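Subject: The structure you asked to see

Hi,

Here is the structure I promised to pass on. Have a look at it first, and then read on for my notes.

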Amino acid sequence: TALAGPTWKNLGNTAVNRVKGESPAFYIYQSIVEPDAHVVEGYNGGVMPKTFKEQMSATELAETILYIMGQTQ
């Protein structure tokens, strides 16, 4: 079984270098609301739903980003 995407573990640290000049929090936000904006090499796009921005409140998005950034190895 292939993974849909890279692990969340330590994503706050690895996201620092994903897009030059972009904060890890914004990278994660954009990855949630526009899941095909940054497809990591070796993974397929078009896998994640594109409706989270409409389904989640700003608070829910912020809490999700904080949760993901807190995941460590």
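Let's start with helix α2, which covers residues 24–33 and holds both Phe 26 and Tyr 29. Those two sit three residues apart, which is about one turn of the helix. Do keep in mind as you go through all this that the model is predicted.

How many aromatic pairs are there? The count comes to one. Phe 26 and Tyr 29 make up that pair, and their rings are tilted, with 5.9 Å from centre to centre and 35° between the planes. As for accessibility, Phe 26 is partly exposed at 39% relative accessibility. Tyr 29 is partly exposed too, with a relative accessible area of 24%, and it is not called buried because that would take a value under 20%.

Now for the inside. In soluble globular proteins, nonpolar side chains tend to be buried together. Here, the largest nonpolar core has 10 residues: Leu 11, Ala 15, Tyr 27, Ile 28, Ile 32, Val 33, Val 40, Leu 61, Ile 65 and Ile 68. Both α2 and α4, the latter spanning 58–69, supply at least two residues each to this core. Which helix gives the most? That is α2, with four residues.

If you want to follow α2 a bit further, its buried residues are Pro 24, Tyr 27, Ile 28, Gln 30, Ile 32 and Val 33. What do they pack against? The buried residues of α2 have α1 (11–14), α3 (52–55) and α4 as their packing partners.

Two members of the core are worth a click. One of them is Leu 11: setting aside its neighbours within four places in sequence, Leu 11 is in contact with Arg 18, Tyr 27, Ile 28, Ile 68 and Gln 71. The other is Ala 15, which you will find in the loop between α1 and α2. Is Ala 15 buried or exposed? With 0% relative accessibility, Ala 15 counts as buried. Again leaving out neighbours within four places in sequence, Ala 15 is in contact with Pro 24 and Tyr 27.

There are also some links between parts of the chain that are far apart in sequence. Ala 15 and Gly 70 are separated by 55 residues in sequence, with 12 Å between them in space, C-alpha to C-alpha. Thr 14, in helix α1, is likewise 55 residues from Met 69 in sequence, with a C-alpha to C-alpha distance of 9.9 Å. Thr 14 itself is partly exposed, its relative accessible area being 35%. Gly 70 lies in the segment after α4 and counts as partly exposed at 48% relative accessibility. Gly 70 and Asn 13 are 57 residues apart in sequence, but 9.7 Å apart in space, C-alpha to C-alpha.

Then there is the largest pocket, with about 620 Å³ of space in it. Which residues are closest to its centre? Of the 26 that line the largest pocket, they are Gly 5, Pro 6, Trp 8, Ser 31 and Met 48. The elements giving two or more residues to this lining are α2 and α4. The largest share, four residues, comes from α2. By class, the lining of the largest pocket has 16 nonpolar, eight polar and two charged residues.

One last detail on the backbone: Asn 10, in the segment before α1, has a positive phi of about 65° although it is not a glycine.

So where would I begin on a second look? Probably with α2 again: α2 gives the most residues to the largest nonpolar core, it supplies the largest share of the lining of the largest pocket, and it carries both Phe 26 and Tyr 29.

Cheers

Technical notes
Residues numbered from 1 in each chain as written. Predicted model: local features only at pLDDT ≥ 70, side-chain atom pairs only at ≥ 80, totals over all residues. Heavy atoms only, no water. Phe/Tyr/Trp six-rings, centres within 6.5 Å; stacked < 30°, edge-to-face > 60°. Buried < 20%, exposed > 50% of the residue type's maximum accessible area, 1.4 Å probe, protein only. Core = buried A, V, L, I, M, F, W, Y, C linked by side-chain atoms within 4.5 Å. Contact = heavy atoms within 4.5 Å. 1 Å grid on protein atoms, 1.4 Å probe; cavity = no way out; pocket = protein on both sides within 12 Å on 5 of 7 lines; lining within 4 Å. Points joined across faces, edges and corners; volume = space filled by probe spheres on them. Nonpolar A, V, L, I, M, F, W, Y, C, P; charged D, E, K, R; others polar.
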